[in-house]
Amino acid sequence: MKPCLVFTLLSAAGVILARESEADKLNLPEDFTIPYMVYLQSSPEPCVGTLIHPEWVLTAAHCPLPVKIRLGVYQPSVKNKKEQIRNYSLTVPSPEFKAQSLENDLMLIKLSKAAALNSHVGTIAISMEPLAFNDSCFIPTWTWNEYKNLSDPDILTWINQYSLPLNDCQNMVGQIMAARIMCVGQPLNILSRTKEVSAAPAICDGRLHGILSWAKGSITLGSEGFFTEVYHHARWILKVINNS
């Protein structure tokens, strides 16, 4: 697997909504992408995928199967000539996934054709070890400027959050589930109409440590987010990739 560096500008604290005006302020190129982010276009709603291998995407098992897989996307609502379109040839949800509780909420998707890696499309390595609490994680996703059913999101959004201690996580979700869940954020008394694309990745220390399973509010505004920890499933992930 080829790790993809998170750009220095993405490590800035806080939330940045990468609209056109914000992109200008940050001096982002017009074709800016976060290379490992994959747009899983599906119905009734899309999901975020994370490219961990030229042929494999990791996402949440609760996500619907994609009708189209788009790589190298900045704004899903806008098609660009440099993005790569794929279908899937195989989907493999975690054998331990429990739909009612969303435990072990991971799914591997094999692309119909390997991604062509370049400056717009790249992979990120999965974590093989647990994350130390209070480490900072970069969490990107897409949101809608104005949500409409079956419409594609038009804003790339991200935040840097610190992982919470295990005890805090256990108090929020229960001791049994917390063993394989990474928690970030805090309870916020903020009413937000922001709608975020599900299954955002948590990139910590340059590796993929979590896939967002559910949140109690807007994760990119700082609300609590609950991520399936990837390292618990690393052996399963590598086995599927090597044997499929």
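**Exercise 1. In which sense do strand E2 (residues 37-41) and E5 pair, and over how many bridges?** Place the pair in its sheet.

*Solution.* The structure is a predicted model, in which local features need pLDDT of at least 70, side-chain atom pairs count only at pLDDT 80 or more, and totals for chains, interfaces and linings use all residues. Residues are numbered from 1 along each chain as its sequence is written, and side-chain values use heavy atoms, with hydrogens and water left out.

Step 1. Strands are DSSP runs (E, at least two residues), numbered from the N terminus, and two of them pair if DSSP finds at least two bridges between them.

Step 2. E2 and E5 pair in the antiparallel sense, over four bridges. Within this pairing, Val38 has Leu71 of E5 as its bridge partner.

Step 3. E5 (residues 68-71) is also joined to E6, by three bridges and again antiparallel. Here Leu71 is partnered by Gln84 of E6.

Step 4. The open sheet has seven strands with antiparallel pairing, in the order E6-E5-E2-E3-E4-E8-E7. Its edges are E6 (84-86) and E7 (88-93), each of which pairs on one side only. On average, neighbouring strands are turned by 30° against each other, direction ignored; this angle is taken between lines fitted to C-alpha atoms, on a scale from 0 to 180 degrees between N-to-C directions.

**Exercise 2. Describe the disulfide of Cys47 and Cys63.**

*Solution.* Step 1. A disulfide is a pair of cysteine sulfur atoms within 2.5 Å; the rule gives a count of three.

Step 2. The sulfur atoms of Cys47 and Cys63 are 2.1 Å apart. The link is left-handed, at -95° about the S-S bond.

Step 3. Because Cys47 lies in strand E3 (residues 47-53) and Cys63 in the loop between strand E4 (56-59) and E5, the pair ties together parts that are 16 residues apart in sequence.

**Exercise 3. Identify the backbone features of Pro44 and Leu102.**

*Solution.* Step 1. Pro44, in the loop between E2 and E3, is joined to Ser43 by a cis peptide bond with omega of about 10°.

Step 2. Leu102, in the loop between E7 and strand E8 (107-111), has a positive phi near 60° although the residue is not glycine.

**Exercise 4. Why does the second largest pocket lie between domain 1 and domain 2?**

*Solution.* Step 1. A pocket is an open set of points on a 1 Å grid where a 1.4 Å probe fits, with protein on both sides within 12 Å along at least five of seven lines; lining residues have an atom within 4 Å of a point.

Step 2. The volume is about 280 Å³, counted as the space filled by probe spheres set on the points.

Step 3. The lining has 19 residues, and Glu45, Lys195, Glu196, Val197 and Ser198 are the closest to the pocket centre. Strand E13 (residues 207-215) gives the largest share, four residues.

Step 4. Domain 1 (37-122 + 235-243) and domain 2 (135-231) both contribute to the lining, so the pocket lies between them; the domain bounds come from an automatic or database assignment.
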